Amino acid sequence: MLLNYQSSSEAPKNAPTVIVIHGLFGSLDNLKVVARALSEQFHVINVDVRNHGQSFHSETMTYPAMAEDIIALMDELAIAQAHIVGHSMGGKVAMQVAIDAPERVSKLVVLDVAPVSYHSRHDAIFQALEGVASASVSSRSQADELMSEYIATPGVRQFLAKSLKKTDKGSLEWQFNLPVLKQQYANILSQPVVNDSCLCDTLFVKGGDSDYILPEHKEQIMTLFPNAKAKVIQGTGHWLHAEKPAAVNKSIVDFLTR
């Protein structure tokens, strides 16, 4: 089964390809601001990760499996090599592709995540999502009200609500595979599976106010990606591409075109 994707065709015919990978609870819509900025100079393939968006559902959510999804799509589209850009969970997928198949990756851009295991930080979100799923809501305002019992930040609720879709009966349901995401959450928190380092040119872009990339992660980053560089976008958190899209897009384009 192949991932759902959207491709751009605005760039010149011989332009390089960039594959863009979203994070947990998201879809390809989340990184459209990045995809649009890249589309003038690159062929952009913006994907829905398995169990998200319109891609297939699966009981497995390991990074090797998700990386294989990207490689299978590249094979199907006859893309021998591409730049890979990923945010959060998608950044780990991107790193796994580079580790497993370095010959398929030209340059790697990782948005606000490190190749490390994290502690659980989505307990309240899972409670909110399950509350909506069990309530049979018919409007986003109803869903927002239910989620507000667990999630105080309106922006987080708005982000999650983008994954609600209408059923044939008129109610709303989550487009992502919530039961599997919860069951496989430990795998999502884990670090990529490492068998070697990757020598591809790599850029880690950190939100200045985010705690996803910390000084203690530097050693692991440089061990796995010895040609890595870092860029900090000041005044942004984990959703840096939504908070300061112009600065994030410039850092990505500058890195990929130099």
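How many residues has helix α4, and how far does α4 reach from its first C-alpha to its last? In this predicted model, helix α4 covers residues 123-135 and has 13 residues. Its reach is 19 Å, close to the 18 Å expected at 1.5 Å a residue.

The buried residues of α4 are Ile-125, Phe-126, Ala-128, Leu-129 and Val-132. Seen down the axis of α4, these buried residues fall within an arc of 160 degrees, so they line one face of the helix. Several elements cover them. The cover includes the helices α5 (140-147), α6 (154-161), α7 (178-183) and α8 (185-189). It also includes the strands β6 (164-166) and β7 (172-174). After α4 comes Ser-136. The phi of Ser-136 is positive, near 55 degrees.

Now step back to the domains. The domain assignment gives domain 1 (5-117 + 191-257) and domain 2 (122-184). The C-alpha centres of domain 1 and domain 2 lie 26 Å apart. Across the boundary, 16 residues of domain 1 are in contact with 15 residues of domain 2.

The nonpolar cores come next. In soluble globular proteins, nonpolar side chains tend to be buried together. Here the largest nonpolar core has 66 residues. Phe-25, Leu-108 and Phe-225 have the most contacts inside this core. Domain 1 and domain 2 each supply at least three residues to the core. Apart from it lies another core, of 20 residues. Val-34, Phe-42, Val-205 and Phe-255 are among the residues of that other core.

Take Leu-108 as a way into the largest core. Leave aside its neighbours within four places in sequence. Leu-108 is then in contact with Ile-84, Ala-94, Met-95 and Ala-98, among others. Its contacts also include Cys-200, Asp-201, Thr-202 and Leu-203. Phe-225 and Phe-255 are in contact with Leu-108 too.

Phe-255 leads to helix α11, where it is one of the buried residues. The others in α11 are Val-248, Asn-249, Ser-251, Ile-252, Val-253 and Leu-256. Helix α11 covers residues 245-257 and has 13 residues. From first C-alpha to last, α11 reaches 18 Å, close to the 18 Å expected at 1.5 Å a residue.

Cys-200 leads to the cysteines. Is Cys-200 buried or exposed? Cys-200 is buried, with a relative accessible area of 9%. Cys-198 is buried as well, because its relative accessibility is 1%. The structure holds zero disulfides. Cys-198 is in no disulfide, and its nearest cysteine sulfur is that of Cys-200, 3.0 Å away. Why is there no bond between the sulfur of Cys-200 and that of Cys-198? The two sulfurs are 3.0 Å apart, which is too far for a bond; the cut-off for a disulfide is within 2.5 Å.

Finish around helix α9. His-217 is found in the loop between β8 (201-207) and α9. His-217 is buried, with a relative accessible area of 11%. Beyond residues up to four places away in sequence, His-217 touches Ala-114, Val-116, Tyr-118 and Tyr-212. Ile-221 is found in α9 itself, residues 218-224. Ile-221 is buried, with a relative accessible area of 8%. Not counting residues up to four places away in sequence, Ile-221 touches Ala-114, Pro-115, Phe-204, Ile-213, Pro-226 and Ala-228. Ala-114 is thus touched by Ile-221 and by His-217. Ile-221 and Ser-197 are 24 residues apart along the chain, and 9.7 Å separates their C-alpha atoms.

Technical notes
Residues numbered from 1 in each chain as written. Predicted model: local features only at pLDDT ≥ 70, side-chain atom pairs only at ≥ 80, totals over all residues. Heavy atoms only, no water. Core = buried A, V, L, I, M, F, W, Y, C linked by side-chain atoms within 4.5 Å. Buried < 20%, exposed > 50% of the residue type's maximum accessible area, 1.4 Å probe, protein only. Domains from an automatic or database assignment. Contact = heavy atoms within 4.5 Å. Helix = DSSP H or I, 4+ residues; strand = E, 2+ residues; numbered from the N terminus. Expected span 1.5 Å × (residues − 1). Arc of directions from axis to C-beta.
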